[in-house]
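User: Please take a close look at one part of this model, the five-stranded open sheet, and describe how its strands and helices are arranged. For context, add what can be said about the ligand shell and the other parts of the chain.

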Amino acid sequence: MQLSNLAPIPELYVSYESAQKLKHEAGALPSWDLSQRQVCDLELLMNGGFYPLKGFLTEADYDSVVDTMRLTTGDLWPMPVTLDVTEDFAAKVEPGQDIALRDAEGVILAIMSVTDKWEPNKSREAEKVFGADDVAHPAVNYLHHKAGKIYLGGPITGIQQPVHYDFKGRRDTPNELRAFFRKLGWRKIVAFQTRNPLHRAHQELTFRAAKEAQANLLIHPVVGMTKPGDVDHFTRVRCYEAVLGQYPASTTHMSLLNLAMRMGGPREALWHAIIRKNHGLTHFIVGRDHAGPGKNSQGKDFYDPYAAQELVRQHQEEVGIEMVDFKQMVYVQEKAQYYPVDEVPEGSTVLDISGTELRRRLREGLEIPDWFSFPEVVKELRRTSPPRARQGFTVFFTGLSGSGKSTIANALMVKLMEMGGRPVTLLDGDVVRKHLSSELGFSKEHRDINIRRIGYVASEITKNGGIAICAPIAPYTATRRGVREMVEAYGAFVEVHVATSIEECERRDRKGLYKLAREGKIKEFTGISDPYEEPQNPELRVETENVDVDNCAHQVLLKLESMGLIKA
Ligand code: PPS
């Protein structure tokens, strides 16, 4: 059912008194600690951002959404919003039972009346919803490697909103935004969705879009979860604040949306449109490759760049929001102003800086011209993205036991310390097992826990501007990828495969472990009785046979230099 953009939208919260009572009772229920993504989903479910959903999808609704982009009621809903849980937790819950949903601090946010429990076919979900069962897609990777095996579905009773400590004044529920628009008498409002900092071209295009629609403008950035590697939302919001002053007074407003994006291209664009409709907006800007996840594992784009616009255009009437074409704006040097790319006066000089080029300039500390961005925005970006040679990074060695990882890692550490400038920490396999993972063995589960611990520490070191050198075996591709993601949120991740063959490692047998493994005295030994999945695309592969340690460490240094992480 469509609601007018002025009327309040139904929320899933109960009254304050009922919430207090429910909270008390919920203490005794089985309770699920929500992931960051689930907290984002729950917030939008409870505050009406995901209207008409009344809870996490049931199995029938899930199947229907995956297959037809509609709920079983026939309402348009393109994105599965599901509660994935572990098998262990699922075993404790049966349909008909209530469960408490808690945030990371253990606060009970909602009660879910479980009606459905099932094991989804994740490959099918990936194919149908995201277009390919390819883990290069962040949402498909999430499905296969982060999401629990079992889905629970059922209606939600909202107890309280997730607490935010940052930018409180800029966070609005759909009803708060609707009330704001009502109060100001804004009847036509264009929404601009973004997960990137805004520069002059964006300011021009959004202003133009609003002017053409004779509407007001809402900058509606996503601050929940975006694409791994994006500029963090704290920096972005400071940048947006700076850009807001560039719009004519009282025409434009900004509100933050705590959405967890899936980078699902066309389906995601349509989902965004529905969410904006729920927030009281009447127009929605959709650009080229909206919510695009980048390249697939074959190096090709996942989606046709105009598929998102097409899908939203097809459904705009049903959603009740008008799509506005995103016009690519370019700077015309002779006129010293921005023009839509298709209106550039003939024979003039067009200037543009791509996202990749901007990141390069920031990384290398190069000039970012005034025509491209606003000085305050550039200042903010430089503050959080110092040139690469001053950022933290992680060098992650992987290879068989006895391949030479620790020896090269040690040599590299000493060379980096000799250069100075950044603190260097070595997280060697053996040392980590002594200090961080002494209770763990060598099953897949334990190895994964061990590697994730190393990844967590490395990501913290990287975040704080240090150099982490890791040297575990790390035999599993998916786990290494998980560590890469953790680290790349803060700095570069340099995977070095120490490619010594199993025959050579066994011949060296420096610790005498291979002999014991062959005799069956050590079980689950990597390369002998346990797998080692070789990295397919490491930043560097080093051969150690007939090459001395010094030379191997030097190869790593050269790689770091070529990536701009250290200065010669
Ligand atoms: S893992 O898979 O990344 O968690 O392994 P890691 O923490 O690097 O630990 C590897 C070191 O433990 C010793 N060791 C074994 N390795 C592999 N398989 C089995 N079953 C095993 N048992 C003990 C071995 O000394 C490894 O050290 P390195 O430095 O790699 O030789």
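Analyst: To set the context, UniProt, in an unreviewed entry, places the feature "domain: ATP-sulfurylase PUA-like" at residues 10-160. In this predicted model, the chain over residues 10-160 is 36% helix and 21% strand, and its end C-alpha atoms are 15 Å apart.

The part you ask about is an open sheet of five strands, which follow one another in the order β17-β18-β16-β19-β20 and pair in the parallel sense. At the edges stand β17 (424-428) and β20 (540-542), and because each has a single partner strand, one side of each is left without a neighbour in the sheet. From one strand to the next, the twist averages 15°.

Within this sheet, strand β16 (residues 393-398) and strand β19 (residues 492-498) are joined by six bridges in the parallel sense, and in this pairing threonine 394 stands opposite phenylalanine 493 of β19. Helix α17 (residues 477-488) packs on the sheet, where it touches β16 and β19, and its direction makes about 150° with that of β19. Helix α20 (residues 549-562) also packs on the sheet, touching β16, β19 and β20, with a direction that makes about 170° with that of β20. Strands β16 and β19 are thus touched by α17 and by α20, while the contacts of α20 include the edge strand β20.

Turning to the ligand, there are 21 residues around it, of which Ser401, Gly429, Arg447, Pro472 and Ile473 come nearest. The elements that give two or more residues to this shell are the helices α15 (429-435) and α16 (444-463). Sorted by class, the shell has nine nonpolar, six polar and six charged residues.

For a second sheet in the chain, one can look at the open sheet of three strands, which has the order β14-β13-β15 and antiparallel pairing. Its edge strands are β14 (337-340) and β15 (350-351), each of which pairs on one side only. Strand β13 (residues 329-332) runs antiparallel to β14 and is joined to it by four bridges, with valine 332 standing opposite glutamine 337 in β14. Set side by side, the five-stranded sheet has parallel pairing, whereas the three-stranded sheet has antiparallel pairing; in general, strands of a sheet pair through backbone hydrogen bonds in either of these two ways.

Key. Residues numbered from 1 in each chain as written. Predicted model: local features only at pLDDT ≥ 70, side-chain atom pairs only at ≥ 80, totals over all residues. Pairing = 2+ DSSP bridges. Axes fitted to C-alpha atoms, helices over the stretch in contact; angles between N-to-C directions. Contact = placed C-beta atoms within 7 Å. Near = placed C-beta within 6 Å. Nonpolar A, V, L, I, M, F, W, Y, C, P; charged D, E, K, R; others polar. UniProt positions renumbered as here; feature names shortened; annotations may be inferred.
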